[in-house]
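Me: Please take a close look at one part of this predicted model, the second largest pocket, and then set it against the strands and cores of the chain. What classes of residue make up the lining of that pocket?

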Amino acid sequence: MSTSLHAALLHTSEELRTEYPGLERFKVAAQRNLGVFFQARVKFLAPPAGVVQQYNPKSKTFVAPYTAEDDTLDGPFTYLLSTTTCERLEPTFVINPTLKSLPTNASTPTMDIIILRPLRDPDVRSATTSDEQQERWKKRAMEVIGHAYKGGGHVDLLYPEDGGETKSEGDGDVVVETFRVGGFEWTPTVSFLHPSLPELTLKDSDHSPSHLVCADGSIHIIPVGGRARVEVARETSGNLFYAWA
């Protein structure tokens, strides 16, 4: 399940299908959404009999810095993707490498979440206008995505203090926030008017992408005042299989 860039990219690519029937539409869609800041709030859900953990690039392990009173991240976001079993979306695009390098405990169902929040970047924060922030972030996003194609090294990247390229050693804040959780809630913090949902009240059309959610390739729209909630399926009595459509 994804939001932000991944969901918006797929949504835009469908709008471009007539004009760009081939795979090139995905590159066009990516360029249109790369600098978008998605306004939302994320609340983590702890796994059963467990706690929310965050990956630490220095120790190469998951640690538990979060408590029941501190389980929320505020946006803006530019990337959020959760997976439970597969560490890659393409043969060489290893977006969630921790699923393989640090296997999950089968007795405690969890998912790994990859998150990018642009205003954690010192270079982006130092920009004086929103347009400049977005342009600086586009460059950073391409840099980070490039490392995902290099064996998933993006999860070990750290921000430099001088605003230069990211690094994988030394001191600095993590670029990619990686969490191991039992689920999460995504709540858009702005409202919008969508053509297929005319009953919605227009408040901020610029942030309509914040209401998009991709679940296994299908795009869903969160209504005003709504939220998306996803949890890892928990074992019940008997061997049951659930399918939802």
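Reply: By class, 12 nonpolar, two polar and two charged residues make up the lining of the second largest pocket. The space in this pocket comes to about 600 Å³. Its lining counts 16 residues, and those closest to the centre are L9, A30, E90, F93 and Y149. Three elements each give two or more residues to the lining: α1 (4-15), α2 (24-33) and α5 (130-148). As everywhere here, the model is a predicted one.

Next, the strands. β6 (residues 79-83) is mostly covered, with five of its five residues buried. In a regular strand, side chains point alternately to one face of the sheet and the other. In β6, Y79, L81 and T83 lie on one side and L80 and S82 on the other, and both faces are covered. β6 has pairing with β1 (residues 2-3), antiparallel and over two bridges; there, L80 is the bridge partner of T3. β6 is also joined to β7 by five bridges, again with the strands running antiparallel. In that pairing T83 of β6 has D112 in β7 as its bridge partner.

A separate open sheet has four strands in the order β5-β2-β9-β12, with antiparallel pairing. β5 (72-74) and β12 (228-231) are at the edges with a single partner strand each, so one side of each has no neighbour in the sheet. On average, neighbouring strands of this sheet are turned by 15 degrees against each other, direction ignored. Within the sheet, β2 (residues 40-45) and β9 (residues 183-188) pair over six antiparallel bridges, and F44 has F184 in β9 as its bridge partner.

F44 and F184 also appear in the largest nonpolar core. This core holds 22 residues, of which F44, I113, I115, F184 and W186 touch the most other members. The elements giving two or more residues to this core are β2, β7 (111-116), β8 (177-181), β9 and β12. Another core, of 21 residues, lies apart from it, and its members include Y79, I114, V144 and V176. In soluble globular proteins, nonpolar side chains tend to be buried together. Y79, one of the members of that other core, is among the buried residues of β6.

Key. Residues numbered from 1 in each chain as written. Predicted model: local features only at pLDDT ≥ 70, side-chain atom pairs only at ≥ 80, totals over all residues. Heavy atoms only, no water. Pairing = 2+ DSSP bridges. Axes fitted to C-alpha atoms, helices over the stretch in contact; angles between N-to-C directions. 1 Å grid on protein atoms, 1.4 Å probe; cavity = no way out; pocket = protein on both sides within 12 Å on 5 of 7 lines; lining within 4 Å. Points joined across faces, edges and corners; volume = space filled by probe spheres on them. Nonpolar A, V, L, I, M, F, W, Y, C, P; charged D, E, K, R; others polar. Core = buried A, V, L, I, M, F, W, Y, C linked by side-chain atoms within 4.5 Å. Buried < 20%, exposed > 50% of the residue type's maximum accessible area, 1.4 Å probe, protein only.
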